[in-house]
Amino acid sequence: MIDINRYQSMAKLSLSESERARISDHADILVKSFDELEKINVDNASPLISVLNESNILREDIPRKFTTREELLSYAPEQSDGYFQVPKTID
Amino acid sequence: MDYFIIDYNVEGQNTLALEDSIMQKGRPITAGSKMLDNFIAPINATVVDKLSNEYKIAGKTVMDEFGIPSFFSGESDEISGAIKAVVDNAVSFSLCNDVFGKYRKQAADNKLCYIHPTYGTVSRYGLVPVASSMDQIGIVCKDMREGFKLLSLIAGNDEKDGAMFSEKSYSYDNNEQDLTLAIPDSVIRMADKNVQDAIGDFAKNFKTTSLDLEHFNVYKQVMYILSCAEISNNISRYDGVNFGYRTSNYTNIDELYTNSRTEGFGYHAKLTAIMGTMVLTENNYKTYYDKAMKLRRLIKDGVSFEGYDIIVLPCDIGKDPYDNLSLYSLANLAGLPSVSFSYKGQGIQLIANVRKESSLLTAWEVCMK
């Protein structure tokens with residue numbers, strides 16, 4: 001059984017009792033299925049991070065305009081004086 | 001209309017629908033989540049910019065939140081908007097991101113075709129990210145030839161997507177090649193007798209060879225572990241600060257984050273965030289995430305395409321959706337192109353080597369003559 005309280009706090013979630021019970025049931029099914037992995041030896045394999053064999057394709061680092069500060073801020077739930085607005089974070 | 005989240009009232013030939021995870025500048029986009037309820041797309045997705053005047057966008061289709069379906073038996077599995085819009089002739093095509101195989105299966109179930117292109121050939125710029133190492137825009141269509149014609153328009157390198165092949169364009173043609181089909185017998189035996197018969201009948205048109213898909217028994221686990229890790233990472237951007245939904249119930253920054261995410265995400269996004277966080281924590285990283293990445297290497301290397309051109313798989317092995325996930329993992333984990341369609345009333349999936357889509361089209365045409 002996984003420690004739902006620990007992971008919900010790390011994932012910045014606050015689950016209701018019913019959600020916690022349902023997630024607990026589903027997580028148990030999934031984690032139990034992961035047991036199959038234990039039987040396989042992967043010592044000689046390297047992790048596959050990207051399926052693309054090509055190396056990174058880089059472009060010249062030339063500055064260009066994406067959009068305006070005003071437009072980006074217009075998507076914010078709350079803004080003030082040209083900044084994103086959040087509650088006080090330091091005393 | 002129950003499949004369109006937004007209906008543009010466009011009719012005629014060559015109309016297409018966009019899954020509501022593909023951006024059109026100035027139009028709302030939700031990716032199926034309350035988290036993006038009032039969000040207006042700031043850009044056009046590259047696939048939208050690449051469409052010629054020949055194609056008209058007719059609407060945005062409803063979708064599972066961030067494309068995450070339920071993997072558990074007994075939970076509702078409604079037909080997707082992108083599929084239903086084509087079934088009902090509202091549009092000729094849908095563009096969507098099929099990470100978990102739901103569109104590939106439903107297309108075949110509904111006598112449509114689904115083209116899942118090689119990873120890195122269609123730009124994801126302007127696509128709401130789900131599982132980045134597997135995200136790939138694909139096409140729902142009625143006729144594979146028409147689907148590939150549309151694919152040739154939207155495929156090709158885009159400097160705005162950092163994970164792409166360098167080819168500027170692709171053409172997909174029947175290459176009249178004598179194809180050899182690889183048959184993973186042990187997997188096909190898991191399907192219904194009718195499906196096995198249909199695959200046997202389909203294979204009569206080709207040379208065949210037997211294939212052992214090593215590690216098939218853990219495909220779904222590897223797929224789930226890697227995708228939930230990537231999704232939990234990608235949806236960490238939704239925090240109520242820069243864009244998207246913000247709770248009205250907070251007194252400090254931690255409550256703003258937590259309550260915005262708790263109120264904004266639905267059940268499957270929450271489950272995925274919890275599972276993704278779990279597999280990425282220090283205690284579990286080696287056991288789950290790192291091991292899954294190593295198995296991904298073994299799975300990819302296990303399909304060499306030496307001595308065969310195409311792997312054939314069923315679209316359904318009849319148990320719960322989590323078991324069926326195994327059938328759709330190979331293309332995503334190895335970045336391979338696939339098509340799914342109905343043959344003699346049964347769903348068939350074909351998978352080819354990287355950038356060998358033309359073999360898939362060729363095989364389909366051989367059997368649909």
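Okay, before anything else, a definition: when I say helix or strand, I mean a DSSP run, at least four residues for a helix and at least two for a strand, numbered from the N terminus. And keep in mind that what you see is a predicted model.

Let's start with chain A. By that definition, chain A has three helices and two strands. Walk along its sequence and you meet them in the pattern α-α-α-β-β. Now, how spread out is chain A? Its radius of gyration is 23 Å, where a compact globule of 91 residues would come out near 12 Å. If you draw a box along the principal axes, the C-alpha atoms of chain A fill roughly 55 × 45 × 25 Å. And of the 91 residues in chain A, buried ones make up 15%.

So what does chain A touch? There are 42 residues of chain A in contact with 51 residues of chain B. On the chain A side, α1 (4–10) and α2 each bring at least two residues to that surface. The largest share is from α2(A), with seven residues. As for chemistry, the chain A side splits into 27 nonpolar residues, eight polar and seven charged.

That brings us over to chain B, and to a helix there, α10, residues 282–301. Does its length fit, or not fit, what you'd expect for 20 residues? At 1.5 Å a residue it should span 28 Å, and the end C-alpha atoms are 28 Å apart, so the two agree. There is a bend of about 30 degrees in α10(B), though, at B:K291. B:K291 is also one of the buried residues of this helix, along with others including B:Y288, B:Y289, B:M293 and B:I299. What covers them? Part of the cover is α2 (17–34) of chain A, and from chain B there are α7 (219–234), α9 (267–280) and α11 (321–334).

Next, a couple of strands in chain B. Take β6, residues 137–141: five of its five residues are buried, so the rest of the structure largely encloses it. B:I137, B:I139 and B:C141 point one way, B:G138 and B:V140 point the other way, and all are buried. Which strands pair with β6(B)? One is β4, residues 93–97 of chain B, which is antiparallel to β6(B) over four bridges. There, B:C96 sits opposite B:G138. The other is β5, residues 113–116, also antiparallel, joined to β6(B) by three bridges. In that pairing B:C113 stands opposite B:C141.

The second strand is β11(B), residues 346–352, and this one is mostly covered, with seven of its seven residues buried. Both faces are covered: B:Q346, B:I348, B:L350 and B:A352 are on one side, and B:G347, B:Q349 and B:I351 are on the other. For partners, β9 (residues 310–314) of chain B pairs with β11(B) in the antiparallel sense over five bridges, and B:P314 has B:I348 as its bridge partner. Then β10, residues 338–343, pairs antiparallel with β11(B) over six bridges, with B:S342 opposite B:G347.

One last detail, in the hairpin of β10(B) and β11(B). Two residues lie between the strands, and B:K344 takes a positive phi near 50 degrees.

If you take one thing back to the picture, find α2(A): it gives the largest share of the chain A side that touches chain B, and it is part of what covers the buried residues of α10(B).

Key. Residues are numbered from 1 along each chain as its sequence is written. Chains are lettered from A and ligands numbered from 1 in the order in which they are written. This is a predicted model: local features need pLDDT of at least 70, side-chain atom pairs count only at pLDDT 80 or more; totals for chains, interfaces and linings use all residues. The radius of gyration is taken over C-alpha atoms; the globule rule is 2.2 Å times the number of residues to the power 0.38. A residue is buried if 20 or more other C-beta atoms lie within 10 Å of its own, exposed if 12 or fewer, and partly exposed in between; C-beta atoms are placed from the backbone. The expected span of a helix is 1.5 Å times one less than its number of residues. The bend at a residue is the angle between axes fitted to the seven residues ending there and the seven starting there. Two residues are in contact if their C-beta atoms, placed from the backbone, lie within 7 Å. Ala, Val, Leu, Ile, Met, Phe, Trp, Tyr, Cys and Pro count as nonpolar, Asp, Glu, Lys and Arg as charged, and the others, Gly among them, as polar. Two strands pair if DSSP finds at least two bridges between them.
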